[in-house]
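The following paragraphs lead through one protein chain and its bound ligand. Please look over the sequence and the structure before reading on.

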Amino acid sequence: MENQIRKIAEEYFRPEEIDSVSFLNGRAVVTILNSGENEETAALLREKIKSLPGVKKASVIFTAEKKPQGLHPQEEKWQIRGVKKIIAVASGKGGVGKSTTSVNLALALSSLGQRVALFDADIYGPSIPTMLGYEGVGPVSYDGKILEPFEYMGIKSMSIGTLVGKDTPLIWRGAKACGAIQQLLTDVNWGETDIMVIDMPPGTGDIQITLSQKLNFSGAVIVSTPQDIALIDAVKGVNMFRRVDVSILGIVENMSYYICPNCGTRADIFGHAGAQAAAQELKVPFLGEIPLHIDIRSTSDSGTPIVYSQPESPYSQAYKEIAGKIISELA
Ligand SMILES: Nc1ncnc2c1ncn2[C@@H]1O[C@H](COP(=O)(O)OP(=O)(O)OP(=O)(O)O)[C@@H](O)[C@H]1O
Ligand SMILES: [Mg+2]
């Protein structure tokens, strides 16, 4: 089907302009690298794709960066309509629980009365659709231009994974990846949103730096595990945000200690309080610690994160305490 859609797209745009074609559950999304943004051609293409049997919805998205005159590209920020504050959840290193923290923090902020959006910018391993339970579902657009965010458990959400799929190895780099992220941030009907949480790609590469420059971040939350190696990377993360003038809201120590699900005994398997010491050294707030517990993993894997499915558990309380600190820092 994707080949068929691509063939049709090639009738309207040059092959090198066709950035990506995806088809999921009857929904086709074509992204076009085209600075001209030819709306009429896009409309024709949409109609043609929609006439294919099996296609229920078709979207054509331009991924070129818009450059308003008189602004140096470095200074030009992306405008996300309706969103008051944006916070980054980042880590120097992959696999430390950045996505688990993002999703539970977003739900915790929402439980404290904030209107929350969660954006998954992790092009290397988008996992928010799985954690919120919209994996495999394509985004909907009523006018073929502006996408509707997913709305689950009281928060709005959008993921780069809806364009690339979870198991498609993403070979996008630099401008291409940033263009797609920009489109999914700026052309979405976010409505009135107090705080947008962004699950950043791990590490401190070009994409992270570009996002930090293009978005008006109110601050960044750095997630780390207590091992030395993770902490060294967390310091790198803090320094990267400082270089681009994004303030650090604080460090969260994830997998801080282990609680045995059978007997409740606690074990500091990776050492403990390393992140607190690192925060002190870096003169940034320490936001709190989240233990390593099987329920935190299993609830996320099954699309019902712990803050939503077990709101009274001590782990959910830990996320809510961190969320409370973030709200007061933002105020
Ligand atoms: N506090 C925790 N207790 C138990 N399991 C956890 C905890 N935090 C994260 N996990 C589990 O560890 C794994 C990695 O977490 P997660 O996907 O959130 O990390 P990440 O930093 O986003 O990784 P990536 O760099 O791959 O995006 C997942 O299986 C997750 O369920
Ligand atoms: Mg992740």
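How many residues surround ligand 1, and which are the closest? The model is a predicted one, and in it 21 residues surround ligand 1. The closest of these are Gly 94, Gly 97, Lys 98, Ser 99 and Thr 100. Four elements each supply at least two residues of the shell around the ligand: the helices α3 (98–111) and α10 (294–301), and the strands β12 (248–259) and β14 (286–292). Helix α10 gives the most, with four residues. By class, the shell around ligand 1 has 11 polar residues, six nonpolar and four charged.

Before going further, it helps to know how far the model can be trusted. The mean pLDDT of the protein chain is 88, and 92% of its residues reach 70 or more. One stretch stands apart: over residues 66–72 pLDDT stays under 50. For residues 66–72 the model has four contacts beyond four places in sequence. Where pLDDT is low, the predicted coordinates should not be read in detail.

The chain is divided into domain 1, residues 2–62, and domain 2, residues 83–330. Their C-alpha centres lie 31 Å apart. The contact between them takes 14 residues from domain 1 and 13 residues from domain 2. On the side of domain 1 that touches domain 2, β1 (18–24), β2 (27–32), α2 (39–50) and β3 (57–62) each supply at least two residues. That side of domain 1 has five nonpolar, five polar and four charged residues.

Next comes the interior. The largest nonpolar core has 94 residues, and those with the most contacts inside it are Ile 87, Val 89, Val 197, Ala 220 and Val 221. Domain 1 and domain 2 both give residues to this core, so the core lies between them.

Two of the residues just named can be followed outward from the core. Leaving aside residues up to four places away in sequence, Ala 220 touches Ile 87, Ala 88, Ala 90, Phe 241, Val 246, Ile 248 and Leu 249. Val 221 lies in strand β11, which covers residues 217–224. Is Val 221 buried or exposed? Val 221 is buried, because 26 other C-beta atoms lie within 10 Å, and 20 or more are enough for a residue to count as buried. With the same limit on sequence neighbours, Val 221 touches Ile 87, Val 89, Leu 249, Gly 250, Val 252, Leu 287 and Ile 326. The C-alpha atoms of Val 221 and Thr 101 are separated by 9.7 Å, although the two residues are 120 residues apart along the chain.

Another buried position is Ile 306, in helix α11 (residues 306–309). Ile 306 counts as buried because it has 25 C-beta neighbours inside 10 Å. Beyond four places in sequence, Ile 306 is in contact with Asn 104, Asp 295, Ile 296, Thr 299, Ser 313, Tyr 315 and Ser 316. Ile 306 and Tyr 319 are 13 residues apart in sequence, and their C-alpha atoms are 9.6 Å apart in space.

Thr 186 offers an intermediate case. Thr 186 lies in helix α6, residues 174–186, and is partly exposed, with 15 other C-beta atoms within 10 Å. Apart from residues up to four places away in sequence, Thr 186 touches Trp 78, Gln 79 and Ile 80. From Thr 186 to Val 83 there are 103 residues in sequence but 10 Å in space, C-alpha to C-alpha.

Last come two details of the backbone. Most residues other than glycine have a negative phi. Met 255, however, has a positive phi, near 55 degrees. Lys 283 is not a glycine either, and its phi is positive at about 60 degrees. Where do these two residues sit? Met 255 is found in strand β12, and Lys 283 is in the loop between α9 (274–282) and β14. Met 255 counts as buried because it has 23 C-beta neighbours inside 10 Å. Lys 283 has 8 such neighbours and therefore counts as exposed.

Terms used
Residues numbered from 1 in each chain as written. Chains lettered and ligands numbered in written order. Predicted model: local features only at pLDDT ≥ 70, side-chain atom pairs only at ≥ 80, totals over all residues. pLDDT = per-residue confidence, 0-100. Contact = placed C-beta atoms within 7 Å. Core = buried A, V, L, I, M, F, W, Y, C linked by C-beta atoms within 7 Å. Buried ≥ 20, exposed ≤ 12 C-beta atoms within 10 Å, placed from the backbone. Domains from an automatic or database assignment. Near = placed C-beta within 6 Å. Nonpolar A, V, L, I, M, F, W, Y, C, P; charged D, E, K, R; others polar.
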